Amino acid sequence: MSENLFPSAHPLVAHKLTQLRDRTTDFRRFRSIVDELAMILAYEATRDLPLRAVTVQTPLTITQGVKMDARIGLVPILRAGLGMVDGMLDLLPQAEVWHLGFYRDEHTLQPVIYYNKLPTDLSKHHCFVLDPMLATGGSALAAVDILKERGVMKIKFVGLLAAPEGIAALHRKHPDVMIHVAIIDERLTTEADADAGFPPGFIWPGLGDAGDRQFGTIRD
Ligand code: PRP
């Protein structure tokens, strides 16, 4: 396993993830579980953020403390990444949020960008790319490409489910990007999985389409 790959070992994550997989979980509950998982993963993915020393006046005396010394950019990949923003902001209220919109072309599975709201000056930020699903890795890879073109040096991917294919693709091109996920699933679907009702390129066993399940839309 890559040294920059961090599947969660937390029992609460495993418990909530099972609820997320359950096809009977409705979209309101699905959304709140995504939110809760994002907050737990935020805790895990921020353990190496820099601090600087400060003094603090307690009710009794003056003592030493620390203050976070990092500018944070959260980069949710629309649509499904939106559901992870609030959970991350619960722990990182000072973070900026920059949206990137991609959809996967159904036939080629290649990401197609349709929205980019990145600011121009972001070279000093620690960036967290948010997307519940790392499937082929195409969307995450394209997001990291764009961030690096803008000069961002410190980038982490935070997701819920990852396929081995997506992890390999992201790390092949960007081995420096740490991947924090709730779990690594078995594989991507192929033509042979047509009976499951999903086209090739979905995470197996997975949870279906994370965007549709969060927002209550139905796949056609
Ligand atoms: C899904 C998912 C990721 C992407 C992952 O988005 O939310 O963004 O696919 O696949 P990849 O790793 O193969 O690129 P989708 O295209 O379904 O758009 P949506 O979030 O708007 O539903």
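## Around the ligand

A good place to start is Arg79, where a polar side-chain atom lies 2.8 Å from an oxygen atom of the ligand. Keep in mind as you look around that this is a predicted model. Ala80 takes part through its backbone: a polar atom there is 3.1 Å from a ligand oxygen. At Thr136 the side chain is involved, with an N or O atom 2.5 Å from an oxygen atom of the ligand. On its own the ligand has 500 Å² of accessible area, and the protein covers 90% of that.

There are 15 residues around the ligand, and those that come nearest are Arg104, Asp131, Thr136, Gly137 and Ser139.

## Helix α4

Ser139 also belongs to helix α4, where it is one of the buried residues. The helix runs over residues 138–149, and nine of its twelve residues are buried. Among them are Gly138, Ala140, Leu141 and Val144, along with Ile146 and Leu147.

The length of α4 fits what you would expect: at 1.5 Å a residue, its twelve residues should span 16 Å, and the end C-alpha atoms are indeed 16 Å apart. Just after the helix comes Gly151, which takes a positive phi of about 95°.

## A patch on the surface

Now turn to the outside of the protein. Met39, Tyr43 and Leu91 make a nonpolar surface patch of about 300 Å². Tyr43 sits in helix α2, which covers residues 27–45. Is Tyr43 buried or exposed? Its relative accessible area is 59%, and exposed means over 50%, so Tyr43 counts as exposed.

Conventions. Residues numbered from 1 in each chain as written. Predicted model: local features only at pLDDT ≥ 70, side-chain atom pairs only at ≥ 80, totals over all residues. Heavy atoms only, no water. Patch = residues over 30% accessible without salt bridge, like charges linked within 9 Å, V, L, I, M, F, W, Y side chains within 5 Å. Areas by Shrake-Rupley, 256 points an atom, 1.4 Å probe, with all protein chains shown as cover. Salt bridge = Lys/Arg side-chain N within 4 Å of Asp/Glu carboxyl O. Helix = DSSP H or I, 4+ residues; strand = E, 2+ residues; numbered from the N terminus. Buried < 20%, exposed > 50% of the residue type's maximum accessible area, 1.4 Å probe, protein only. Near = heavy atom within 4 Å. Polar contact = N/O pair within 3.5 Å; in protein donor to acceptor, adjacent residues only side chain to side chain. Expected span 1.5 Å × (residues − 1).
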